[in-house]
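Hi everyone, thanks for making time for this one. I'd like to walk you through a model, so please have a look at it while I talk.

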Amino acid sequence: MKVISKFKVTKGYEVWKKAFESNEPSRLKHNVRVLAYGHEAGNESNVYTVVEMGSIEDKRLKNPSMIKFREEAGVDHASLEIISLVE
């Protein structure tokens, strides 16, 4: 399953990117493969990720340690949108 996540970052794109890249071992452990990530042209506050995973539950959105990790990276959880792609 391919999933797009869209969210705002509050600490800047580079802070988020550094944290995101450092989390690669956890993603590999949970069979989450990053296909793409980046921000809107001219707006580094709106960030997108595209990942492939077994199921939407793999995103571990409610895991307290992942919530804390995302918050420390500057993710605004209130802005988080997750879209499952059909193809």
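Let's begin with Glu52, which is partly exposed, at 26% relative accessibility. This is a predicted model, by the way, so every value I mention is computed from it. The side chain of Glu52 meets that of Arg33 in a salt bridge, at 2.6 Å from N to O. Since Glu52 sits in strand S3 and Arg33 in strand S2, this pair ties together parts that are 19 residues apart in sequence. Arg33 is partly exposed as well, with a relative accessible area of 48%.

How many salt bridges does a search of the whole structure find? Three. Another one links Arg27 and Glu24, whose closest N and O atoms are 2.8 Å apart. Both residues belong to helix H2, three residues apart, or about one turn of the helix. And here is the background for that spacing: an α-helix has 3.6 residues a turn, so residues three or four places apart point the same way. Is Arg27 buried or exposed? Arg27 is buried, at 8% relative accessible area, whereas Glu24 is partly exposed at 29%.

In helix H3, the side chains of Lys68 and Glu72 form a salt bridge at 3.9 Å, N to O. For those of you who like cut-offs, the criterion is a nitrogen within 4 Å of a carboxyl oxygen. Lys68 and Glu72 are four residues apart, so about one helical turn separates them. Lys68 is exposed, with a relative accessible area of 51%, and Glu72 is partly exposed at 47%.

Now back to the strands. S2 and S3 belong to an open sheet of four strands, in the order S2-S3-S1-S4, with antiparallel pairing. S2 and S4 are at the edges with a single partner strand each, so one side of each has no neighbour in the sheet. On average, neighbouring strands here are turned by 20 degrees against each other, direction ignored.

Let's go through the pairings. S2 and S3 are joined in the antiparallel sense by seven bridges, and Gly38 has Tyr48 in S3 as its bridge partner. S1 and S3 also pair antiparallel, over seven bridges, with Val51 in S3 as the partner of Val3. Seven bridges then join S1 to S4, again running antiparallel, and there Lys6 is partnered by Glu81 in S4.

Glu81 deserves a moment. At 42% relative accessibility, Glu81 is partly exposed. Which residues does Glu81 touch, not counting those up to four places away in sequence? They are Ile4, Ser5 and Lys6. Glu81 and Ser5 are 76 residues apart along the chain, and their C-alpha atoms are separated by 5.6 Å.

On S1 itself, the side chains alternate. Val3, Ser5, Phe7 and Val9 point to one face and are buried, while Lys2, Ile4, Lys6 and Lys8 point to the other and are not.

That brings us to helix H1, residues 13-22, which lies across S1, S2, S3 and S4 and runs at about 175 degrees to S2. Tyr13, Trp16, Ala19 and Phe20 are the buried residues to look for in H1. They span an arc of only 135 degrees around the axis, which puts them on the same side of H1. On the face turned away from that side you'll find the exposed residues Glu14, Lys18 and Ser22. The buried residues of H1 pack against all four strands I've described, S1, S2, S3 and S4, and also against helices H2 and H3.

Finally, the core. Nonpolar side chains in soluble globular proteins tend to be buried together. In this model the largest nonpolar core has nine residues: Phe7, Val9, Tyr13, Trp16, Ala19, Phe20, Val47, Ala73 and Val75. S1 and H1 each supply at least two of them, and the largest share, four residues, comes from H1. One more core member to click on is Ala73: leaving aside neighbours within four places in sequence, Ala73 is in contact with Lys11, Val15, Trp16 and Ala19.

That's my tour. Thanks for listening, and I'm happy to take questions.

Definitions and conventions. Residues numbered from 1 in each chain as written. Predicted model: local features only at pLDDT ≥ 70, side-chain atom pairs only at ≥ 80, totals over all residues. Heavy atoms only, no water. Buried < 20%, exposed > 50% of the residue type's maximum accessible area, 1.4 Å probe, protein only. Helix = DSSP H or I, 4+ residues; strand = E, 2+ residues; numbered from the N terminus. Arc of directions from axis to C-beta. Contact = heavy atoms within 4.5 Å. Pairing = 2+ DSSP bridges. Axes fitted to C-alpha atoms, helices over the stretch in contact; angles between N-to-C directions. Core = buried A, V, L, I, M, F, W, Y, C linked by side-chain atoms within 4.5 Å.
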